[in-house]
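Q: I'm new to this one and would like a close look at a single part of it. Could you start with the big picture and then walk me through that part and its surroundings?
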Amino acid sequence: MSTLNTSISTEQTQREAPELAPAAVQDKPEETAIEYGQTVGTPFADDAKFRLRDVEVYYGESQAIKGVSLDIARNEVIAFIGPSGCGKSTFLRCLNRMNDSIDICRVKGSLELDGQDLYDPRRDVVELRARVGMVFQKPNPFPKSIYDNVAYGPRIHGLANRKSELDDIVEDSLRKAGLWNEVKDRLDAPATGMSGGQQQRLCIARTIAVSPEVVLMDEPCSALDPIATAKVEELIAELSESYTIIIVTHSMQQAARVSHRTAYFHLGNLVEVNATDKVFTAPEHKLTESYITGRFG
Ligand SMILES: Nc1ncnc2c1ncn2[C@@H]1O[C@H](COP(=O)(O)OP(=O)(O)OP(=O)(O)O)[C@@H](O)[C@H]1O
Ligand SMILES: [Mg+2]
């Protein structure tokens, strides 16, 4: 019986949906107008670290990113926001070729890092990912000690000649990640025994231990409590002095607190890019306004 009930209620939902959608469209026709490849605001920058033009991403036949053009400036913090499924993670993963590992994924367009083609087949992807590090939504420490997690990258990239040099890199990275005082007496303890917030800061320490130029963060605080979130946000502010940071977030307060520019994505389109203050106080596009005022997403 319960199965039958469920299927009836699903059918009802499906019947209602098409009746509601056209009415909403008629009310606000301008809100649905997105011109392919067009972005309002200030998507371009003079001192571009990344120069991205007409980027399209497909998963099989399905297009997830629709003609996006954007510059990401050196040493800026830019936030990617937008409803679930709009392509934020997909676009972010283009920037260090993490999408390469998804068989059905194809990336088209021109993507340059410091004026060099990111997708040049001769490019060393391991070296690229050291330059463009990534912090994921869920902390993913290696099943190793705290020390070995941070030392891992410097070891494989040969960044330290002596144990004392490696010790210095580990300490410096843990200090920058705001974790040193909490872990300095248990560097040999397994990383998996840390709290979630500590693990996330450890993953940030691991990322910055190889001195990246760019840090990509995909919802880095979504599993953290407000105190751990505040620590990660402080860290972003400090890191932004020397790194370019791109952060995907569902928290508009977080985007407002940490970023210089905000990019609003909608159904694979880059609808608006503007100074963060402007996006949250006087958005230029109706779709951005609807999203930040909580009308969808
Ligand atoms: N590995 C994949 N295989 C097939 N389709 C995918 C894959 N990853 C993402 N997609 C599709 O691409 C579109 C964009 O997804 P993406 O994960 O980039 O969105 P998002 O904005 O990061 O969403 P969220 O806020 O929920 O994380 C969605 O329609 C999604 O279903
Ligand atoms: Mg995502």
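How many helices and strands does the protein have? After that, please zoom in on helix H8: which residues of H8 are buried, and which elements do they pack against?

A: Before anything else, keep in mind that this is a predicted model. The protein has eleven helices and eleven strands. Of its 297 residues, 39% are buried. Among contacts with a separation of 6 or more, 70% join residues that sit 24 or more positions apart, and we'll meet a few such pairs along the way.

Now to H8 itself. This helix runs over residues 226-239, so to speak, 14 residues in all. From the first C-alpha to the last it reaches 20 Å, close to the 20 Å you'd expect at 1.5 Å a residue. Six of its residues are listed as buried: Thr229, Lys231, Val232, Leu235, Ile236 and Leu239. These cover an arc of only 160° around the axis, and that is why they end up on the same side of H8. Walk round to the other side and you find Pro226, Ile227, Ala237 and Glu238, which are exposed.

What does the buried side meet? Its residues pack against three strands, S4 (77-81), S8 (214-218) and S9 (244-248), and two helices, H7 (196-208) and H9 (252-258). Let's visit some of these neighbours in turn.

Strand S8 is a good first stop, with Leu216 in it. Leu216 has 26 other C-beta atoms within 10 Å, so it counts as buried. In sequence, Leu216 and Ile245 are 29 residues apart, yet their C-alpha atoms are 6.0 Å apart in space. Leaving aside residues up to four places away in sequence, Leu216 touches Leu92, Leu95, Asn96, Val132, Gly133, Met134 and Ile246.

Leu216 also turns up in the largest nonpolar core, which has 69 residues. The residues with the most contacts inside that core are Phe80, Ala205, Leu216, Ile245, Ile246 and Ile247. Phe80, again not counting residues up to four places away, touches Lys88, Phe91, Leu92, Ile246, Val248, Ala263 and Phe265. Notice that Leu92 and Ile246 are in the contact lists of both Phe80 and Leu216.

Next comes helix H7, where Cys203 sits. Cys203 has 25 other C-beta atoms within 10 Å, which makes it buried. Beyond residues up to four places away in sequence, Cys203 touches Val135, Pro139, Asn140 and Pro141. Cys203 and Ala191 are twelve residues apart along the chain, and 9.8 Å separates their C-alpha atoms.

H7 has another partner, helix H4 (residues 146-156): the buried residues of H4 pack against H7, and also against helix H3 (125-131), helix H5 (163-176) and helix H6 (180-183). In H4 those buried residues are Ile146, Asn149, Val150, Ala151, Gly153 and Pro154. Right after H4 comes Gly158, with a positive phi near 60°.

Back to strand S4, and the loop that links strand S3 (62-73) to it: that loop holds Asn75. Asn75 has a phi near 60°, a positive value in a residue other than glycine. Its 16 C-beta neighbours inside 10 Å make Asn75 partly exposed. Arg97 has a positive phi too, about 60°, although it is not a glycine. Look for Arg97 in the loop between H2 and strand S5 (105-113). With 17 other C-beta atoms within 10 Å, Arg97 is partly exposed as well.

H2 brings us to ligand 1. Helix H2 (residues 88-94) supplies the largest share of the shell around ligand 1, three residues. The full shell is Tyr59, Ala64, Gly82, Ser84, Gly85, Cys86, Gly87, Lys88, Ser89, Thr90 and Ile102. Sorted by class, that gives four nonpolar, six polar and one charged. Lys88 is one of the residues that Phe80 touches, so to speak a link back to the core we just toured.

One last stop is strand S2 (residues 48-59), home of Leu52. Leu52 is buried, since 22 C-beta neighbours lie inside 10 Å. Leu52 touches Val68, Ser69, Leu70 and Leu111, not counting residues up to four places away. Its C-alpha is 8.7 Å from that of Leu113, though the two are 61 residues apart in sequence.

Key:
Residues are numbered from 1 along each chain as its sequence is written. Chains are lettered from A and ligands numbered from 1 in the order in which they are written. This is a predicted model: local features need pLDDT of at least 70, side-chain atom pairs count only at pLDDT 80 or more; totals for chains, interfaces and linings use all residues. Helices (H or I, at least four residues) and strands (E, at least two) are DSSP runs, numbered from the N terminus. The expected span of a helix is 1.5 Å times one less than its number of residues. A residue is buried if 20 or more other C-beta atoms lie within 10 Å of its own, exposed if 12 or fewer, and partly exposed in between; C-beta atoms are placed from the backbone. The arc is that of the directions from the helix axis to the C-beta atoms. Two residues are in contact if their C-beta atoms, placed from the backbone, lie within 7 Å. A residue is near a molecule or strand if its C-beta atom, placed from the backbone, lies within 6 Å of it. Ala, Val, Leu, Ile, Met, Phe, Trp, Tyr, Cys and Pro count as nonpolar, Asp, Glu, Lys and Arg as charged, and the others, Gly among them, as polar. A nonpolar core is a set of buried Ala, Val, Leu, Ile, Met, Phe, Trp, Tyr and Cys residues joined through C-beta atoms within 7 Å.
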